[in-house]
Amino acid sequence: MRISIIGAGNVGKALAQAFIRQGEEVFFGVPNPEKYQSAAAALGPMAALGTVEQAVAASEVVILAVPFAATEAIARSVSDWQGKVLVDATNPLAAGLAGLTVGTTTSAAEQLARWAPTAKVVKAFNTTGAENMADASFARGLPFMPVCGDDAQARAKVIALAALIGFDAVDLGPLSAARYVEPFAMTWIHMAFKQGLGRNFAFGILHKD
Ligand SMILES: NC(=O)c1ccc[n+]([C@@H]2O[C@H](COP(=O)([O-])OP(=O)(O)OC[C@H]3O[C@@H](n4cnc5c(N)ncnc54)[C@H](OP(=O)(O)O)[C@@H]3O)[C@@H](O)[C@H]2O)c1
């Protein structure tokens, strides 16, 4: 299977490393492919690179790993998403990590779904640091990855992808659950940067049985 990733920064590269390790091909879409030529080449023959338009055309699953501010233009640049699974890994961060610019009664993911009504939007890969996405292995259990979206099949596909790269991927149901998932990402960010815990941790779920 090929997975397209829009954005080749921290999250884009981390997810690409993890998917390639599991034998999946990735296709990066960026505004200026030349800028990322050596980064993509370093990932080997399983990584391809092109424009955003080429990346969207290349796969049935497209992961948005860009600043939230770029998402509306990207979503609207595709006139027909043809029912592709559009995975929203963004967080609508306020400047200086002061909080979220969207939330409570809606979410970045729900806004994205309005801007890309012909896509099946799924929220995932936004609640932990990029390093944990590149390598999700922890000595004591699997890190938690919440996944939500309105289309059950699309959600199942993304849950399978998150599980493939080592997460305890959990189905949170409808896309409106992104109202909780995005602030949950802020909890990780607050602990990592404001409380000084650093980036080397992840959340996990404990079960009684
Ligand atoms: N970093 C983390 O640990 C982490 C964890 C979870 C979620 N997130 C979220 O994931 C998203 C990406 O974070 P990041 O740290 O990977 O950011 P980053 O390192 O700054 O990378 C952003 C990428 O998006 C590309 N981009 C910008 N505008 C674009 C556009 N209009 N079309 C296509 N590509 C565009 C950039 O390309 P150029 O270099 O050419 O501008 C760059 O490759 C953010 O929303 C962030 O909140 C981050």
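Okay, Phe28 to begin with. Leaving out anything up to four places away in sequence, Phe28 touches Ile5, Ala8, Gly12, Ala16, Tyr36, Ala40, Ala47, Leu49 and Ala55. Keep in mind that this is a predicted model.

Phe28 also shows up when you look at the largest nonpolar core, which has 65 residues. Along with Leu15, Ile63 and Val87, Phe28 has the most contacts inside that core. The helix that gives the most to this core is α1, residues 10-21, with six residues.

And α1 turns up again around the ligand. It gives the most to the shell there too, with three residues, and both α1 and α4, that's 71-77, supply at least two each. There are 26 residues around the ligand, and the ones that come nearest are Gly7, Gly9, Asn10, Val11 and Thr90. For those of you thinking about chemistry, the shell splits into 16 nonpolar, nine polar and one charged.

Now the sheet. It's open, eight strands, mixed pairing, and the order goes β3-β2-β1-β4-β5-β6-β7-β8. At the edges you've got β3, 47-50, and β8, 168-171, each pairing on one side only. On average, neighbouring strands are turned by 25 degrees against each other, ignoring direction.

Let me zoom in on β6, residues 120-123. It runs antiparallel to β7, residues 144-149, and two bridges join them. Lys123 has Cys148 in β7 as its bridge partner.

Last bit, the helices on top of that. Helix α5, 108-115, lies across β5, 85-88, and β6, at about 165 degrees to β6. Helix α8, 178-194, lies across β6 and β7, running at about 150 degrees to β7.

Definitions and conventions:
Residues numbered from 1 in each chain as written. Predicted model: local features only at pLDDT ≥ 70, side-chain atom pairs only at ≥ 80, totals over all residues. Core = buried A, V, L, I, M, F, W, Y, C linked by C-beta atoms within 7 Å. Buried ≥ 20, exposed ≤ 12 C-beta atoms within 10 Å, placed from the backbone. Helix = DSSP H or I, 4+ residues; strand = E, 2+ residues; numbered from the N terminus. Contact = placed C-beta atoms within 7 Å. Near = placed C-beta within 6 Å. Nonpolar A, V, L, I, M, F, W, Y, C, P; charged D, E, K, R; others polar. Pairing = 2+ DSSP bridges. Axes fitted to C-alpha atoms, helices over the stretch in contact; angles between N-to-C directions.
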